[in-house]
Amino acid sequence: MTTKQKLVLIGNGMAGVRAIEHLLKLAPERYEITIFGSEPHPNYNRIMLSSVLAGGASLQEIIINDWNWYSENDITLYTGHTITRIDTDRKVVTSQQGVSVPYDTLLIATGSNPFMLPLPGADKEGVIAFRDIKDCETMIEAARSYKKAVVIGGGLLGLEAARGLLHLGMKVQVVHINDYLMERQLDETAARMLQRELEAQGMEFMLKKSTTAIKGKKRATGLVFSDGSEADGDLVVMAVGIKPNVDLARASGIEINRGIVIDDFMRTSAPDVYAVGECAEHRGIAYGLVAPLYEQGAVLAKHLAGVNTEGYGGSVTSTKLKVSGVDVFSGGIFNDGPGNRSLKIQDELGGTYKKLVIKDGKLIGAVLFGDTSDGAELFSMIKKEESIEGREKSLLLGVSPDQLAGGSGSGSARLLAMADDEIICGCNGVSKGTIADAILNKGCNTVGAIKTCTKASASCGGCKPLVEGLLQIYSGDSIGEPVKEGICGCTTLSRDEIVASISEMRLMSVNEVMNVLEWNNSEGCSKCRPALNYYLGMLFPEEYVDEKESRVTNERFHANIQKDGTFTVVPRIYGGITSPTELKKIAEVAEKYEVPLVKFTGGQRLDLMGIKKEDLPKIWSDLDMPSGHAYGKTLRTVKTCVGNTFCRFGTQDSMGMGVKLEKAFERMNAPAKVKLAVSGCPRNCAEASIKDVGVIAIDGGWEIHVGGNGGIKVRATEVLTVVKTEDEVLEWSSAYLQLYREQAAWNERTAHWMERVGLDYVKQALEKAEDRQALVGRLQKTLSLTSDPWKEIVQSDDLRKNFEPLAKPQPVNS
Ligand SMILES: Cc1cc2nc3c(=O)[nH]c(=O)nc-3n(C[C@H](O)[C@H](O)[C@H](O)COP(=O)(O)OP(=O)(O)OC[C@H]3O[C@@H](n4cnc5c(N)ncnc54)[C@H](O)[C@@H]3O)c2cc1C
Ligand SMILES: NC(=O)c1ccc[n+]([C@@H]2O[C@H](COP(=O)([O-])OP(=O)(O)OC[C@H]3O[C@@H](n4cnc5c(N)ncnc54)[C@H](O)[C@@H]3O)[C@@H](O)[C@H]2O)c1
Ligand code: SF4
Ligand code: FES
């Protein structure tokens, strides 16, 4: 047995522990790990302290790795232990509390210390920084007894602290030395817009003020400035920058500049001693944001695991202020300088501003205010140093989502157009491709699941809208959890309350529902809009006009979107029974449009895959077949076995029954997709017992099975009833499906709905013939109002426009 090497980490913070997490994945058995941390907590998300202060998260919620994580990974953890000595000759570290531990490899990740202005009175009670849980608790406590706070520093930290204190009910003044805010991240125009927005939220500003003293006896009561003016405050928060925490390394003889000097593999000047995070200085830069620190950690982990790596080459950074109601983004070099050219666009009325800084045809920086949806895309261009010549103007103006997305009204088309390797989550370095893979191949269908699987959105949360956007695009028809209680954060009403209100008040549009039922967010979100659109259509099939912009991507394009942004075409083949003529037609279309892949689906249909969006209408026109609705929350397929027509075991005509069912329910939309199957005898070759409705022939009749599912969680059907004739099969399955349409929550498959309401409830609801007839009548009415989407698109110039390729951007000087 090989003995493990001893690895000691000093600093139980974000950068060091992230490096350990990586290392554990790459070489779980290589090191015996010991971690020392001055703070008494397990590793937590320092970034989220701003959210804790602003009431958006609890302290418990910001723990990244709880106590169990350390024991599960055999890590010895010393919390509340500050290392005061590193003996680099004997290779031993010693804590202030007297614990000495030898190391083979030492990792220093001691972070930064807040810069405390050396002002007279800085040692008074009530003068604090904002760096850790203790500071956060101190502020929360102070807000209980005191009413006025002054924050020194109008940078990211100062503004986030001020926003939190406002939330806690304090009157807050921000004192800033410069004449506009966040000058390290913003240009003056954006900073002025930001100031106005924050003033509207109740923050007060004192600009161009240099503090000379802190007033008060034992406790601070305010500030005195160099011009003789003063500000009152019983709590003084200093947020004027940070300095790398290097005292320990310096005392140990390790080379220091501003930070601990490291090379591309995070090696310090001492043998086997590495440094990572804010305490380190790489090529002259000590970073103060997590994204570069996590990049360092990833390289270091590879190096320590013996995995080949090119080394860390430095990072371009971007920032986003985490203040609710304010969208600010800044990336790269944002100030005008020699050789730089900047393009700006400002909408005073709409409160938006965009500035692009260009050098040698490349985008080198950007500032966004009011609408930061382009941030990830622009930042990716900055990092890749790609030429944007000829595209400047379109980048500045942004491409209209409608132009791109067929009236989506969202940024989904732009997200779709992003390359797979573009970074969506800056903090955690997670690319679009990784997130798409998690959604498409790893069953992640909520933001929470994506967070667990990829870490995207696990830090500052700034990328959450983009992650939601990708979820919306790639989950196609399976987005999110079934919508039950409260639907989403936009309302506290339950699904049943919403449906009842819509019905009683005869609300007729998504916006009307959101207005009348007092949605918290007037725009709604990707969860509630499609749900409301469905409920309205279900309740008022005749009056309600479907809102395309409230539908998920697949339903807007009437095709299934694939990982690479192409689509699929699945013509309807009733009961899975086709003919040589139909097959020839499909083959000809596949050849004509050079369809990369033709595949049989699990539901016995032919899938033409890899279709460009602009070819979809032409293909459907050439095919001249009904849509198979393989993309929507609709009836998908009715799978059949050959039945008694050919099979010696068959007792009934399963193919004929399947065709009848498919013709009866085609174009039926529902809370979630619906799949049927018909088997000609209990041998059940069509696998009817894992379908939403499964019909299985028996001697002299049919068993109707319901609530099955063959997906992630397999569920066998339950027998609803046994009938004799094909007409009865149609009646019972129609009544059952309409009951489900009317009562299930949006996104709830029949299997989940059945689990919730129970078979007895369903049996009871369908027991009486008149109840069944009423349900059948309502379903038939709805179905009589539907038409084939592709027939409509092929015939309408307007609708076809949605599928046209993107307009070419205009060159700037044209
Ligand atoms: C309120 C707030 C909000 C922020 N928001 C963002 C944001 O939105 N986006 C962003 O990118 N960044 C943000 N940051 C910055 C980000 O939190 C830091 O860049 C990051 O935490 C640095 O990680 P680190 O591991 O280098 O240092 P830290 O997370 O500070 O960890 C260092 C740890 O080492 C411990 N330590 C120090 N000396 C010793 C010793 N001698 N012995 C034992 N332990 C020791 C410290 O107690 C500390 O726990 C924010 C910071 C704050 C304070
Ligand atoms: N959203 C985010 O990304 C975020 C949020 C909080 C903190 N952070 C990070 O935490 C670290 C600390 O943040 P920060 O805002 O303290 O640092 P900072 O350096 O970004 O900003 C400090 C600000 O204080 C001002 N200042 C300096 N001396 C002053 C004085 N005497 N009086 C008044 N103002 C003065 C400066 O002009 C500057 O704008 C940074 O690395 C920052 O990137 C990031
Ligand atoms: S289910 Fe029965 S009838 Fe249908 S193919 Fe299988 S054995 Fe034949
Ligand atoms: S960008 Fe910060 S968590 Fe994704």
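In the predicted model, a nitrogen atom of ligand 1 lies 3.0 Å from a backbone N or O atom of Ile83. Two side chains also make polar contacts with ligand 1. An N or O atom in the side chain of Arg46 is 2.9 Å from an oxygen atom of the ligand, and for the side chain of Lys322 the corresponding distance to an oxygen atom of ligand 1 is 2.5 Å. Taken alone, ligand 1 exposes 980 Å², of which the protein buries 90%.

The shell around ligand 1 holds 32 residues, and those that come nearest are Ala15, Glu39, Arg131, Glu278 and Lys322. Lys322 thus appears among the nearest residues and also supplies a side-chain polar contact. By class, the shell around ligand 1 divides into 14 nonpolar, 13 polar and five charged residues. Three elements, helix 1 (14-26), strand 2 (31-37) and helix 8 (290-305), each contribute at least two residues to this shell. The largest contribution, three residues, is that of helix 1.

Ligand 2 is surrounded by 21 residues, with Glu160, Glu183, Arg184, Gly241 and Lys320 the closest. Of these, Glu183 places an N or O atom of its side chain 2.5 Å from an oxygen atom of ligand 2. Backbone atoms take part as well: a polar backbone atom of Gly288 is 3.0 Å from an oxygen atom of the ligand, and a backbone N or O atom of Leu156 is 3.3 Å from an oxygen atom of ligand 2. The area that ligand 2 exposes when taken alone is 850 Å², and the protein buries 86% of that. Helix 5 (residues 156-167) gives the largest share of the shell around ligand 2, namely three residues. The composition of the shell around ligand 2 is 10 nonpolar, six polar and five charged residues.

The residues around ligand 3 include four cysteines, Cys641, Cys647, Cys681 and Cys685. Three glycines, Gly643, Gly650 and Gly680, also belong to this set, together with Phe649, Arg683 and Asn684. Sorted by class, the shell around ligand 3 has five nonpolar, four polar and one charged residues.

Apart from the ligand shells, a polar contact within the protein involves Ser330, a residue of strand 22 (residues 328-332). A polar atom of the Ser330 side chain lies 2.6 Å from the backbone oxygen of Gln185. Ser330 has a relative accessibility of 5% and therefore counts as buried, the cut-off for this class being under 20%.

Helix 26 (residues 769-784) was examined for its length and for the placement of its buried residues. At 1.5 Å a residue, its 16 residues should span 22 Å, and the end C-alpha atoms are 22 Å apart, so the expected and computed spans agree. Within helix 26, the buried residues are Arg772, Leu775, Val776, Leu779, Thr782 and Leu783. Because these residues cover an arc of only 125° around the axis, they lie on the same side of helix 26. Glu770, Gln780 and Ser784, on the other side of helix 26, are exposed.

Methods:
Residues are numbered from 1 along each chain as its sequence is written. Chains are lettered from A and ligands numbered from 1 in the order in which they are written. This is a predicted model: local features need pLDDT of at least 70, side-chain atom pairs count only at pLDDT 80 or more; totals for chains, interfaces and linings use all residues. Side-chain values use heavy atoms; hydrogens and water are left out. A residue is near a molecule or strand if one of its heavy atoms lies within 4 Å of it. A polar contact is a pair of N or O atoms within 3.5 Å; within protein, one must be able to donate a hydrogen and the other to accept it, and residues adjacent in sequence count only if both atoms are side-chain atoms. Accessible areas come from the Shrake-Rupley method with a 1.4 Å probe; for residues, only the protein chains shown count as cover. Helices (H or I, at least four residues) and strands (E, at least two) are DSSP runs, numbered from the N terminus. Ala, Val, Leu, Ile, Met, Phe, Trp, Tyr, Cys and Pro count as nonpolar, Asp, Glu, Lys and Arg as charged, and the others, Gly among them, as polar. The expected span of a helix is 1.5 Å times one less than its number of residues. Buried means under 20% relative accessible area, exposed over 50%, partly exposed in between (1.4 Å probe, protein chains only). The arc is that of the directions from the helix axis to the C-beta atoms.
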